[in-house]
Every structure is written in C-alpha cells, then in structure tokens.
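Trainee: Could you walk me through reading a model like this one? I would like to go feature by feature.

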Amino acid sequence: MTLRVVEIFGPTIQGEGALIGEPTVFVRTGGCDYRCSWCDSLHAVNSANRHDWKPMSAEAVMEDIKRLSGNRPLTVSLSGGNPAIHDFAPLIALGKSQGYRFACETQGSIAKPWFAELDTLVLSPKPPSSGETVDWDAFEQCLYAAGTTADVAIKIVIFDDEDFLWAQKAHARFPDLPLYLQPGNPMVDPEKPVDLTETTSRLEWLIDKVVAASWFAPRVLPQLHVLVWGNKRGV
Ligand code: SF4
C-alpha cells in the first residue's frame, strides 16, 4: 500500500482552521475528486502533475516525518488534494505508536474508517463560489466514520454574500460542531505576491458580516500562513 505524496514539509504552523498556530508537519497527497474554482493546491489536484507525486510507503513517510521533527512527536497534518482518497490507516497506526498525533482536513465527500483514528478531523464543505455541490449524505458519512474519538470541526471559506448565507444554512445542519469561517483568497498563484491590503479587507468584510448578522457561533480566522508567507509553498 503506497501513498502518492506531493510534499512532506515542516515543522511549520497550521495556518488555518481548528488547529491554527499549532506546530505541525504536513503530508500532502495527490488527487482530488473536486475542482474548486479557487483551489490553492492545484499542484496536488491536477492529474497533469501526477508524475511528480512520489509513491511512498507508510514507513518511508514516517521516516521523513521523524527526520523533519527531530524524532520529537507533534501533530501531523494530512492534506491534499483530498487526503480521503488515500488509505492513511498504516501511517496513523505507525505514527501514533511513536507518540505522534494526526489531523486531517477534507471536504467531506469520501468517508474513510481511519477517520476514527484521527485526533482532529476538519471537514471543509465547499460553498457555491467553488463551483462544486456538496453531497450532504456523504458528508454525514464522514461524521459517522469519525465517531466520537476524533475532535471534529467544520471550516468554510467565504468569498461572497451567497457563500455567507450558504454557510449559515450549513451550520444549521450541524449546530453542535465548532465552526470556523475563513475569507476566500483569490490570489492563489504561488509565483505572485499576495496583496495583504486585500487580504485584510476581506477578513474585515467577513467579520463585519458575522457581527451584522448577530451570528455568534463561528470563529472568524485568517489564513495565518498567507499573512506571513503569501502563497509560497512548503512553509
Ligand atoms: Fe482544491 Fe480542496 Fe477543492 Fe480539492 S477540495 S479542488 S484540494 S480546494
């Protein structure tokens, strides 16, 4: 059983969602069942890049994680693409036996039994601006797969008013789950600098929307890594 690995990097910090600011090593795998209009990880999505995705065993991935972390256990973030395409069960078992913790972010379109072995599962359903349509039955299967052992949270990226209203309806489906909102970032070209003025004004717009709606359930967060490093990869 091999994983198609795009990149393994860190330690750095988790830049968004429930574990924002937490030191972590990222394992990014290739392939995704979605094609979001504003995807910032196309190098891990487009099949044209698949020749750059390295087949690796769980043991080889774990060796890289241990080398990068200096053998000091920390949280490993499973990312993509859609990491739920892959079988991470062997890696999680191997890492947990050595004290590592595992978090995963996925859109919630594919449920996997190994969700129950995670410490944190962040489900990120994609709003209308993505051009994708959420299968809520599949999403609920992901929640079911995670069971009661993993900490589960929802993260939604908001680009416009339609996304905002959609997020409120999504939250109404799962009112007991922690919810994180994040302003969309349309500047996803890694070769171009990020306009921080626009980034912060989008964040301010989203905060204003939440306050004006008296919607006090979500936490509104920036993409911390974008504020610090722009769209640079591997940090
Ligand atoms: Fe990109 Fe994520 Fe959408 Fe896949 S689900 S296309 S990785 S934004």
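**Reading the model together**

Mentor: Gladly! Keep in mind that this is a predicted model. Let's begin with strand pairing.

Trainee: Good. Which residue in β2 stands opposite isoleucine 8?

Mentor: Isoleucine 8 faces valine 27 there. That pair belongs to a wider ladder, as 6 bridges connect β1 to strand β2 (residues 23–29), and the two strands run antiparallel.

Trainee: And how many bridges join β1 to β3?

Mentor: There are 4 bridges between β1 (residues 2–13) and β3 (residues 54–57), again in an antiparallel arrangement. For one example, valine 5 has lysine 54 of β3 as its bridge partner.

Trainee: When I look along a strand, what should I expect of the side chains?

Mentor: In a regular strand, they alternate between the two faces of the sheet. With that in mind, you can look at what packs around the strands. Isoleucine 65 is in contact with Ile8, Val25, Val27, Val76, Leu91 and Tyr100, leaving aside neighbours within four places in sequence.

Trainee: Which residues touch the most other members of the largest nonpolar core?

Mentor: Ile65, Leu78, Leu91 and Leu118 do, in a core of 47 residues. Helix α3 (residues 136–146) supplies the largest share of this core, 6 residues. Another core lies apart from it and has 8 residues, including Cys32, Cys36, Cys39 and Val157.

Trainee: Those cysteines catch my eye. How many disulfides are found in the whole structure?

Mentor: The search finds 0 disulfides. As for exposure, cysteine 32 counts as buried because its relative accessible area of 15% is under 20%. Cysteine 39, at 16%, is buried too.

Trainee: Which residues are around the ligand?

Mentor: Cys32, Cys36 and Cys39 are among them, along with Tyr34, Arg35, Val45, Gly81, Gln107 and Lys126. By class, this shell divides into 5 nonpolar, 2 polar and 2 charged residues.

Trainee: Let's turn to the backbone. What is special about the peptide bond between glycine 80 and glycine 81?

Mentor: That bond is cis, with omega about 10 degrees. Glycine 81 sits in the loop between β4 (75–79) and α2 (89–96), and it is one of the residues around the ligand. There is also a cis bond from glycine 10 to proline 11, where omega is near -5 degrees. Proline 11 belongs to strand β1.

Trainee: And phi? Where should I look for positive values outside glycine?

Mentor: Try asparagine 71, whose phi is near 65 degrees. Asparagine 71 is in the loop between α1 (58–68) and β4. Serine 214 also has a positive phi, of about 50 degrees, and is located in the loop between α5 (196–212) and β9 (219–220).

Trainee: Why does asparagine 71 count as exposed, while serine 214 counts as partly exposed?

Mentor: The cut-off decides. Asparagine 71 is exposed because its relative accessible area, 51%, is over 50%. Serine 214 has 47%, so it falls in the partly exposed class, between 20% and 50%.

Trainee: One last case: is glutamine 182 buried or exposed?

Mentor: Glutamine 182 is buried, with a relative accessible area of 4%. Its place is in strand β8 (residues 179–183). Beyond residues up to four places away in sequence, glutamine 182 touches Glu16, Lys155, Ile156, Val157, Ile158, Leu206, Leu221 and Gln223. One of these, Val157, also belongs to the core of 8 residues we met earlier.

Key
Residues numbered from 1 in each chain as written. Predicted model: local features only at pLDDT ≥ 70, side-chain atom pairs only at ≥ 80, totals over all residues. Heavy atoms only, no water. Pairing = 2+ DSSP bridges. Buried < 20%, exposed > 50% of the residue type's maximum accessible area, 1.4 Å probe, protein only. Contact = heavy atoms within 4.5 Å. Near = heavy atom within 4 Å. Nonpolar A, V, L, I, M, F, W, Y, C, P; charged D, E, K, R; others polar. Core = buried A, V, L, I, M, F, W, Y, C linked by side-chain atoms within 4.5 Å. Disulfide = S-S within 2.5 Å.
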